[in-house]
Amino acid sequence: MAAREPMFLECSECGTRYYRTTKTTSALKQGQKIEKMKFCPKCRMHRVHKERKK
Ligand SMILES: [Zn+2]
């Protein structure tokens, strides 16, 4: 069973960290970066959110 690492998803435009997620350690070792389209409450629109460590 893979361990999970807590992550924040940060808006690439304004830097707001509104979402939290987890990532498996196996994904970390592979250097995979999470990028998701999420609604940013500050920008008031959908933006690309990138992972940030806690
Ligand atoms: Zn934003």
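**Exercise 1. Find what sits over the ring of Tyr19, and at what distance from its centre.**

*Solution.* Start with the charged end of Lys38: this group sits over the Tyr19 ring, 4.8 Å from the ring centre. Keep in mind as you work that the model is a predicted one. Next, look for aromatic partners. Searching the whole structure turns up one aromatic pair. That pair is Tyr18 with Tyr19: the ring centres are 5.1 Å apart and the planes stand at 90°, so the geometry is edge-to-face. The step from angle to label needs one cut-off, since planes over 60 degrees apart count as edge-to-face. Finally, check the surroundings of Tyr18, which has 53% relative accessibility and therefore counts as exposed.

**Exercise 2. Work out which residues coordinate the zinc ion, and what arrangement the donor atoms make.**

*Solution.* First, list the donors. The SG atoms of Cys11, Cys14, Cys40 and Cys43 coordinate the zinc ion, at 2.2 to 2.4 Å. Second, take the angles: the four donor atoms subtend 104 to 115° around the zinc ion, so the arrangement is tetrahedral. For reference, the ideal angle for four tetrahedral donors is 109.5 degrees. Third, read the spacing along the sequence, where the donor residues follow C-x2-C-x25-C-x2-C. Within this set, Cys11 in strand β1 (residues 4-11) and Cys40 in strand β3 (residues 35-40) link distant parts of the chain, being 29 residues apart. Last, ask about burial: Cys11 and Cys40 are both buried.

**Exercise 3. Decide whether Glu51 is buried or exposed, and trace its side-chain partners.**

*Solution.* Begin by placing the residue: Glu51 belongs to strand β4 (residues 45-53). Its relative accessible area is 9%, so Glu51 is buried; the cut-off for buried is under 20%. Now for the polar partners. The side chains of Glu51 and Lys23 are joined by a polar contact of 2.7 Å. A polar atom of the Glu51 side chain also lies 3.0 Å from the backbone nitrogen of Ile34. To widen the view, set aside neighbours within four places in sequence: Glu51 then contacts Met7, Phe8, Leu9, Lys23, Gln32, Lys33 and Ile34.

One of these, Gln32, deserves a step of its own. Gln32 is in the loop between α1 (25-29) and β3, and its 40% relative accessibility makes it partly exposed. With the neighbours within four places in sequence again left out, Gln32 touches Lys23, Ala27 and Glu51. Lys23 thus appears in the contacts of Glu51 and in those of Gln32.

**Exercise 4. Identify what is notable about the phi angle of Arg44, and where Arg44 lies.**

*Solution.* Recall the background first: most residues other than glycine have a negative phi. Then look at Arg44, whose phi is near 60°, a positive value in a non-glycine residue. Its position is the loop between β3 and β4. A relative accessible area of 70% makes Arg44 exposed.

**Exercise 5. Describe the fold as a whole: which elements, in what order, and in what box?**

*Solution.* Count the elements: the protein chain has one helix and four strands. Put them in sequence order and the pattern reads β-β-α-β-β. Along the principal axes, the C-alpha atoms fill a box of roughly 40 × 15 × 15 Å. Turning to burial, 24% of the 54 residues count as buried. To finish, take the contacts between residues at least 6 apart in sequence: 39% of them join residues at least 24 apart.

Conventions:
Residues numbered from 1 in each chain as written. Predicted model: local features only at pLDDT ≥ 70, side-chain atom pairs only at ≥ 80, totals over all residues. Heavy atoms only, no water. Phe/Tyr/Trp six-rings, centres within 6.5 Å; stacked < 30°, edge-to-face > 60°. Buried < 20%, exposed > 50% of the residue type's maximum accessible area, 1.4 Å probe, protein only. Lys NZ or Arg CZ within 6 Å of the ring centre and 35° of its normal. Helix = DSSP H or I, 4+ residues; strand = E, 2+ residues; numbered from the N terminus. Polar contact = N/O pair within 3.5 Å; in protein donor to acceptor, adjacent residues only side chain to side chain. Contact = heavy atoms within 4.5 Å. Donors = N, O, S within 2.8 Å, 3.2 Å for Na, K, Ca; no water. Tetrahedral: all angles 85-135°; square planar, octahedral: opposite > 155°, others 65-115°.
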